[in-house]
Amino acid sequence: MFVPNHDLYKTWEESENVGRYPYIAVFKKDGKTLIYIAEDHGANKSYDMTDFCFSDKSPAKPQIAVVEYRNSGRDLLPREIHGNNLAYVAAVAAKRGLPVVFADLSDEETLAVLREHRPDREFTEEDLRKSLSCGGPSVKKGEYNFFSHLINLHGRDPYMVNNIAAALNKYDVVLAAFGEGHYRSQRLILEDMMGKPEYIKDVPNTRGNFDDIKIEPIKLI
């Protein structure tokens, strides 16, 4: 049974730089495999890594995809895969008949995190937008960077790792795709559950062909 220890979370300032991203971290323990794409949103190499993870050369054949996509109560549309590798991961997984988990908070859930941990302030949707587009979470930079830090620490990253752990408890091979900054913050939690990973930093340049991902809207588990 995989249970995350969220006390091991590291802020972006505290976290160790694993190397140039994107890269793939492969964890194996007790017959379970976690293939984690620590990605650079929209970069060609992230698409290549996705194609690699679904290819015959993958460390293992994914049985489920857990993706950094908002749990907004709606289905993913095929048009969203253009310029968004996270959507591409979900689309390819769905096309192959795999269950897909959108493992990020909705706007409403994210606002609730801010309001819980900063009850002295009235937060609006504009505050949320600025917090999520401020250039990254930080305890040392601007006000909205700090709000982004609160969101990740108390909301997004615990939710992401809890979904990964739940998938590992049910499936033998889990493919996860999240931004590299999230991976660095989560790394020690994942290592505590599954041991040290091996890293794949170079894959063939295949660049996914979006034209063959014509699918119906994805039905989430």
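The following questions and answers concern the sheet and helices of a predicted model.

Reader: In what order do the six strands of the open sheet stand?

Author: The sheet is open and its pairing is mixed. From one strand to the next, the twist averages 25 degrees. Read across the sheet, the order of the six strands is β4-β3-β5-β2-β1-β6.

Reader: Which strands have one side left without a neighbour in the sheet?

Author: A strand that stands at an edge of this sheet has a single partner strand, so one of its sides is left without a neighbour. The strands in that position are β4 (100-104) and β6 (198-200).

Reader: Which residue of β2 stands opposite Val26?

Author: Strand β1, residues 23-29, pairs with strand β2, residues 32-39, in the antiparallel sense, and the pairing extends over seven bridges. Within this pair of strands, the residue of β2 that Val26 faces is Ile35.

Reader: At about what angle to β3 does helix α2 run?

Author: Helix α1 (residues 44-53) lies across β1, β2, β5 (173-179) and β6, and its direction is at about 165 degrees to β2. Helix α2 (residues 85-95), for its part, lies across β2, β3 (64-70), β4 and β5, and its angle to β3 is about 145 degrees.

Reader: Against which helices do the buried residues of α4 pack?

Author: In helix α4, which spans residues 125-132, Asp127, Leu128 and Ser131 are buried. These residues cover an arc of only 100 degrees around the axis, which puts them on the same side of α4. The helices against which the buried residues of α4 pack are α3 (107-117) and α5 (143-170).

Terms used:
Residues numbered from 1 in each chain as written. Predicted model: local features only at pLDDT ≥ 70, side-chain atom pairs only at ≥ 80, totals over all residues. Heavy atoms only, no water. Pairing = 2+ DSSP bridges. Helix = DSSP H or I, 4+ residues; strand = E, 2+ residues; numbered from the N terminus. Axes fitted to C-alpha atoms, helices over the stretch in contact; angles between N-to-C directions. Contact = heavy atoms within 4.5 Å. Buried < 20%, exposed > 50% of the residue type's maximum accessible area, 1.4 Å probe, protein only. Arc of directions from axis to C-beta.
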